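Subject: Handing over the structure

Hi,

Here is the structure I promised to pass on. Have a look at it first, then read on for what turned up in it.

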Amino acid sequence: MLMEKQKRRDEVEITYDVLKVVKDYGKIRKTRLMQLANLTTNLAKKYLTELEKKHLISKDNDGFYFITEKGRELLEKLEIIRKHENEIKNLINEIKKSLR
């Protein structure tokens, strides 16, 4: 059985994944976040630091990450974009089928 090669996620996709996991869990520790968002140690260090600097997530005194209001607003926009991307892909597939 051949394994399908997975494409690398870009900055926007990783940001979406991190924000989505943090929002869905309310408060989450770094290790669990890394597992659920599929982040390596290096990626976690990079993105968690950047997202904190941009005030999209924050960390409380107990070491739990949580999403900020600014993070929620960005996640909402990213979800809209993702929805439209899927709609466009579906339309393209319909057009391709009709051209066969």
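Let's start with a charge and a ring: the charged end of Arg-29 sits over the ring of Phe-64, 4.1 Å from the ring's centre. There is a second case, with Arg-82 lying over the face of Tyr-16 at 3.8 Å from the ring centre. Before you go further, keep in mind that this is a predicted model. As for rings pairing with other rings, a search through the whole structure comes back with zero aromatic pairs.

Next, the salt bridges. How many salt bridges are there? The count comes to five, and I'll walk you through some of them.

One of them joins Asp-60 and Lys-27, whose closest N and O atoms are 3.2 Å apart. Asp-60 belongs to the loop between strand S1 (57-59) and strand S2 (65-67), while Lys-27 belongs to the loop between helix H1 (11-25) and helix H2 (30-37), so this pair ties together parts that are 33 residues apart in sequence. The two partners differ in their surroundings: Asp-60 is buried, at 18% relative accessible area, whereas Lys-27 is partly exposed, at 49%.

Another salt bridge brings together the side chains of Arg-9 and Asp-17, with 2.6 Å from N to O. Arg-9 is partly exposed, its relative accessible area being 27%, and Asp-17 is listed among the buried residues of H1.

Then there is Glu-50 with Lys-53, a salt bridge of 4.0 Å from N to O. Both sit in helix H3 (residues 41-53), three residues apart, which means that about one helical turn separates them. In general, an α-helix has 3.6 residues a turn, so residues three or four places apart point the same way. Glu-50 is partly exposed at 31% relative accessible area, and Lys-53 is exposed at 57%.

Now for the inside. Which residues have the most contacts within the largest nonpolar core? They are Val-18, Leu-19, Val-22, Leu-33, Leu-39, Leu-48 and Ile-57, in a core of 21 residues. The elements that give two or more residues to this core are H1, H2, H3, S2 and helix H4 (69-99). H1 gives the most, with six residues. As background, nonpolar side chains in soluble globular proteins tend to be buried together.

Val-22 is a good place to zoom in. Leaving aside residues up to four places away in sequence, Val-22 touches Ile-28, Leu-33, Ile-57, Tyr-65, Phe-66 and Ile-67.

H1 deserves a paragraph of its own. This helix has 15 residues and reaches 21 Å from its first C-alpha to its last, close to the 21 Å expected at 1.5 Å a residue. Its buried residues are Ile-14, Thr-15, Tyr-16, Asp-17, Val-18, Leu-19, Val-21 and Val-22. Those buried residues pack against H2, H3, S1, S2 and H4.

Thr-15 is one residue in H1 to click on. Is Thr-15 buried or exposed? Thr-15 is buried, with only 9% relative accessible area, and therefore falls under the 20% cut-off. Not counting residues up to four places away in sequence, Thr-15 touches Tyr-47, Leu-51, Leu-74 and Leu-78.

Over in helix H4 you'll find Leu-75, which is buried at a relative accessible area of 1%. Its contacts, again without residues up to four places away in sequence, are Tyr-16, Leu-19, Lys-20, Lys-23 and Ile-67. Leu-75 and Leu-56 are 19 residues apart along the chain, and their C-alpha atoms are separated by 9.3 Å.

Last, a couple of backbone details. Most residues other than glycine have a negative phi. Asn-38, however, has a positive phi, near 55°. Asn-38 is in the loop between H2 and H3 and is exposed, at 58% relative accessibility. His-55 also has a positive phi, near 60°. You'll find His-55 in the loop between H3 and S1, and His-55 is exposed too, with a relative accessible area of 53%.

That's the tour, so over to you.

Cheers

Terms used:
Residues numbered from 1 in each chain as written. Predicted model: local features only at pLDDT ≥ 70, side-chain atom pairs only at ≥ 80, totals over all residues. Heavy atoms only, no water. Buried < 20%, exposed > 50% of the residue type's maximum accessible area, 1.4 Å probe, protein only. Helix = DSSP H or I, 4+ residues; strand = E, 2+ residues; numbered from the N terminus. Phe/Tyr/Trp six-rings, centres within 6.5 Å; stacked < 30°, edge-to-face > 60°. Lys NZ or Arg CZ within 6 Å of the ring centre and 35° of its normal. Core = buried A, V, L, I, M, F, W, Y, C linked by side-chain atoms within 4.5 Å. Contact = heavy atoms within 4.5 Å. Expected span 1.5 Å × (residues − 1).
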